[in-house]
Amino acid sequence: MMRILFACGGTAGHINPAIAVANYMKDKDPSVEILFAGNPNGMEARIVPGAGYNFEPIKVLGIQRHLNLRTIKNNVKALWYLAGSSARAKEIIEGFKPDVVVGTGGYVSGPVVRKATLMGYKTVAMESNALPGVTTKLLSKYVDKILLDVEESKKYLPEGKNYIVTGNPVRQEIFTENRKAAREFYNVGDRICLLSFGGSLGAQRLNEAVADLMAWHLGENKNFVHIHGSGSYYGPSYYFDMLKEKGIDAHEHDNLIIREYINDMPRCLAAADLVICRCGAMTLSELKAAGRASVLIPSPNVAENHQYHNAMVLQSHGAAVVIEEKNLTGELLCETVKELTENPERLARLSANAKAMAIENANERIRNEIISLVEG
């Protein structure tokens with residue numbers, strides 16, 4: 001019976017890969033015991049128990065680099081928490097006695113995984129972004145294995161360490177969802193299906209540009225079905241009002257499907273011909289798994305601008321078109337979508353190149369690396 005301690009938190013991009021691996025490990029061997037450690041005030045405190053796993057709290061905050069009164073107060077608290085994090089990490093580790101400790105990113109990973117290495121436990125760091133985060137860079141000096149999504153990440157990390165490209169864990173439904181059934185569900189027919197979203201919260205600039213895109217393709221009477229996730233900050237009512245200012249009553253167009261959140265992403269990706277979205281690591285892994293052409297708009301409001309680096313990996317492989325937010329306008333987005341949708345060969349080439357980048361057995365590769373470390 002194997003016991004695995006996951007340390008993760010802060011963003012869904014750190015939490016969801018850990019849960020995906022945990023689920024796969026349990027599916028393959030129900031006797032595996034799993035515990036998560038995370039910040040009691042982070043989203044992991046809600047998501048992890050909701051996924052059915054036990055959760056141990058450890059208070060950790062990140063140091064803010066841009067100093068003002070608010071961030072100085074944050075940093076004082078962060079240093080206070082850091083001082084106690086080693087003892088709390090030891091308490092969690094000794095209480096669970098894991099065979100391996102796996103960190104998937106976020107500030108919580110640092111003290112927990114580092115403490116595990118000092119206590120002689122086997123450790124793994126998983127990095128889902130093309131540009132490794134600060135925590136991964138720090139832990140790379142100590143952990144037994146570093147699992148990467150893409151080969152390009154190695155150039156940002158110290159040489160001579162044990163780096164293995166496994167890919168990111170991806171929901172199996174992304175691979176198995178039936179395209180014909182998905183397009184029938186959304187009544188796409190022979191039309192082009194656009195899928196756009198800016199994450200669970202939404203993204204103002206992306207939302208505004210997509211509203212211009214909708215106004216354009218409705219005005220030009222383009223043969224599109226358009227599914228859009230507006231995000232919780234910019235719910236459908238806000239979006240309907242924004243479209244109304246452009247002379248569009250969204251309720252009159254059955255080819256516009258506007259939601260706050262896309263909760264059937266595998267089906268939407270299966271139906272889509274072109275995806276317009278942000279560039280979180282897990283989103284891009286799902287685009288590759290589904291083999292979808294994309295227009296990528298990296299968020300500039302993330303640590304170390306890592307979404308830009310994620311996006312550029314796909315563009316360098318001829319699998320996506322990247323528009324930086326500083327350059328994003330409704331006009332540019334319309335021109336880009338027009339060019340792609342009027343050139344089926346290029347759209348098909350982007351899709352094929354995305355699919356070629358997918359690592360379809362990432363879950364199994366990650367599981368094998370963890371098992372080989374434990375049993376080695």
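Colleague: Which residue in S13 is the bridge partner of Leu296?

Modeller: This is a predicted model, in which local features need pLDDT of at least 70 and side-chain atom pairs count only at pLDDT 80 or more, while totals for chains, interfaces and linings use all residues. Residues are numbered from 1 along each chain as its sequence is written, and side-chain values use heavy atoms, with hydrogens and water left out. Strand S12 (residues 293-296) and S13 pair in the parallel sense over 2 bridges, where pairing requires that DSSP finds at least two bridges between two strands, and where helices (H or I, at least four residues) and strands (E, at least two) are DSSP runs numbered from the N terminus. In S13, the residue bridged to Leu296 is Val322.

Colleague: Which strands are the edge strands of the open sheet?

Modeller: The sheet is built from 6 strands, which follow the order S10-S9-S8-S11-S12-S13 with parallel pairing. Each edge strand pairs on one side only, and these two are strand S10 (256-259) and strand S13 (321-322).

Colleague: What angle does the direction of helix H8 make with that of S9?

Modeller: Helix H8 (residues 204-219) packs on the sheet and touches S8, S9, S10 and S11, a contact being heavy atoms within 4.5 Å. Axes are lines fitted to C-alpha atoms, for helices over the stretch in contact, and angles run from 0 to 180 degrees between N-to-C directions. For H8 and S9 the result is about 165 degrees.

Colleague: Which helix gives the largest share of the largest nonpolar core?

Modeller: A nonpolar core is a set of buried Ala, Val, Leu, Ile, Met, Phe, Trp, Tyr and Cys residues joined through side-chain atoms within 4.5 Å, and buried means under 20% relative accessible area, exposed over 50% and partly exposed in between, with a 1.4 Å probe and protein chains only. The largest such core has 36 residues, and those with the most contacts inside it are Leu195, Ile227, Leu269, Val275 and Leu296. At least two of its residues come from each of several elements, including strand S8 (192-197), strand S9 (224-229) and helix H14 (344-357). The largest share, 5 residues, is supplied by H10.

Colleague: How many residues does the other core have, the one that includes Leu213 and Val337?

Modeller: This other core lies apart from the largest one, and Leu243 and Ala293 are also among its members. In soluble globular proteins, nonpolar side chains tend to be buried together. The number of residues in this core is 32.

Colleague: How many Å separate the ring centres of Phe6 and Phe36?

Modeller: Across the whole structure there are 4 aromatic pairs, counted when the ring centres of Phe, Tyr and Trp (its six-membered ring) lie within 6.5 Å, with planes under 30 degrees apart called stacked, over 60 edge-to-face and the rest tilted. Phe6 and Phe36 make a stacked pair with 20 degrees between the planes, and this pair links distant parts of the chain, since Phe6 is in strand S1 and Phe36 is in strand S2, 30 residues apart. Both residues are buried, and their centre-to-centre distance is 5.1 Å.

Colleague: Is Trp216 buried or exposed?

Modeller: Trp216 forms a tilted aromatic pair with Phe224, at 6.3 Å centre to centre and 50 degrees between the planes. Phe224 has a relative accessible area of 3% and is therefore buried. Because the relative accessibility of Trp216 is 16%, this residue also counts as buried.

Colleague: What span in Å does helix H1 reach from its first C-alpha to its last?

Modeller: Helix H1 (residues 12-28) has 17 residues, and the expected span of a helix is 1.5 Å times one less than its number of residues. Its buried residues, among them Ile15, Ile19 and Tyr24, pack against several elements, including strand S1 (3-7) and helix H15 (362-375). The span reached is close to the expected one, and it is 24 Å.

Colleague: Which residues does Arg367 touch, beyond those up to four places away in sequence?

Modeller: Arg367 lies in helix H15 and counts as buried because its relative accessibility is 17%. Leaving out residues up to four places away in sequence, Arg367 touches Tyr24, Met25 and Lys28.

Colleague: What is the value near which phi of Asn221 lies?

Modeller: Asn221 is found in the loop between H8 and S9, and its relative accessible area of 67% is why it counts as exposed. Most residues other than glycine have a negative phi. For Asn221 the value is positive, near 55 degrees.
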